[in-house]
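Here are a few exercises to work through with the model open in front of you. Try each task before reading its solution.

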Amino acid sequence: MTTFLFDGFDTAPVTILLAHGAGASMDSPSMTATAKAFAAAGFQVARFEFHYMAARRYGHRKPPPRAETVNPEYIKAIADLRARGVAGKLIIGGKSMGGRVASMVADEMFAKGEISGLLCLGYPFHPPGKPEQLRTKHLVGLKTPTLIFQGTRDEFGTPEEVAGYGLSDAIEVVWLEDGDHDLKPRKSISGFSTADHLKTLAETVKDWAGGLGGR
């Protein structure tokens, strides 16, 4: 059974399932702050870890695997969440690699009626400094309603680059001013704090989720 960290109330009408990025755990400060912002906006949030990350808690340092190899773990997390009695609308997603993995299983789960939407926080469109190594092929025909939040300073995909990718009409990209790959801005330059961006993030997702279908 997948181990989850929960925030918010189990009576919430919408649950957000989040996976971590390649290098930081599900209880990293960034993931925790994001989960608490969503909970404050009225969502139930469930966080989980892929096996390689969970193994690090027991001294087994494993490098991140190829993202597509953990697709079955994400699908199992969805099933395990439902098995725990979590009902209502379910949005899947995650930070960086976690969001990418969710995006690769989203259409299968959406077609089955298991999920209502996809949420990516800092999508890794390409490795830093390697804009030719795109990770966008499956995003061109994506059918799942999708929100991608991206910082304007993100080295994994700039506004100029993303504008030319020809992404599916099901995808809406929301740009957070001066945000880095963790969506964190420099307040002295942008005037925004991380808390400001998290509030915008949560409120935008709440408005968007209200228009989604699903059980």
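## Getting oriented

UniProt, in an unreviewed entry, lists residues 14-209 as "domain: KANL3/Tex30 alpha/beta hydrolase-like". Keep in mind that this is a predicted model. The end C-alpha atoms of residues 14-209 lie 8 Å apart, and the span is 36% helix and 18% strand.

## Exercise 1: strand S5 and its neighbours

Task: work out how covered strand S5 (residues 117-121) is, and which strands pair with S5.

Solution.

- Step 1. Start with burial: five of the five residues of S5 are buried, so the strand is mostly covered, where buried means under 20% relative accessible area.
- Step 2. Next, look at the directions. Gly117, Leu119 and Leu121 point one way from S5, while Leu118 and Cys120 point the other way. That is the usual pattern, as side chains in a regular strand alternate between the two faces of the sheet.
- Step 3. Now go to strand S4 (residues 89-95), which runs parallel to S5 and is joined to S5 by five bridges. Lys95 stands opposite Leu121 in S5.
- Step 4. Trace the chain from S4 to S5: the path goes through helix H4 (residues 97-111), and this β-α-β crossover is right-handed.
- Step 5. Finish with strand S6 (residues 146-151), also parallel to S5, with four bridges between the two. Leu119 has Leu147 as its bridge partner in S6.

## Exercise 2: a glycine in H4

Task: decide whether Gly99 is buried or exposed, and find what Gly99 is in contact with beyond its sequence neighbours.

Solution.

- Step 1. Find Gly99 in helix H4.
- Step 2. Check the accessibility: Gly99 has 0% relative accessibility, so Gly99 counts as buried.
- Step 3. Set aside the neighbours within four places in sequence, and Gly99 is in contact with Gly93, Gly94, Leu118 and Cys120.

## Exercise 3: strand S3 and the way into it

Task: follow the chain from strand S2 (14-19) to strand S3 (44-48) and name the pairings of S3.

Solution.

- Step 1. S2 and S3 pair in the parallel sense over five bridges, with Ile16 opposite Val45 in S3.
- Step 2. Between the two strands the chain passes through H1, and this β-α-β crossover is right-handed.
- Step 3. H1 has 12 residues and reaches 16 Å from its first C-alpha to its last, close to the 16 Å expected at 1.5 Å a residue. Just after H1, Gly42 takes a positive phi of about 105 degrees.
- Step 4. Strand S1 (5-7) pairs with S3 too, but in the antiparallel sense over three bridges. Phe6 has Ala46 as its bridge partner in S3.
- Step 5. S3 is mostly covered, with five of its five residues buried.

## Exercise 4: the two sides of H7

Task: check the span of helix H7 (residues 194-209) and explain why its buried residues line one face.

Solution.

- Step 1. H7 has 16 residues, so at 1.5 Å a residue it should span 22 Å; its end C-alpha atoms are 22 Å apart, which agrees.
- Step 2. Pick out the buried residues of H7: His197, Leu198, Leu201, Ala202, Val205, Trp208 and Ala209.
- Step 3. Look down the axis of H7: the buried residues fall within an arc of 135 degrees, so they line one face of the helix.
- Step 4. Turn to the other side of H7, where Ala195, Lys199 and Asp207 are exposed.
- Step 5. Finally, see what the buried residues of H7 pack against: the partners include S2, H1, S4 and S5.

Definitions and conventions: Residues numbered from 1 in each chain as written. Predicted model: local features only at pLDDT ≥ 70, side-chain atom pairs only at ≥ 80, totals over all residues. Heavy atoms only, no water. UniProt positions renumbered as here; feature names shortened; annotations may be inferred. Buried < 20%, exposed > 50% of the residue type's maximum accessible area, 1.4 Å probe, protein only. Pairing = 2+ DSSP bridges. Right-handed = clockwise from strand over helix to strand, strands pointing away. Expected span 1.5 Å × (residues − 1). Arc of directions from axis to C-beta. Contact = heavy atoms within 4.5 Å.
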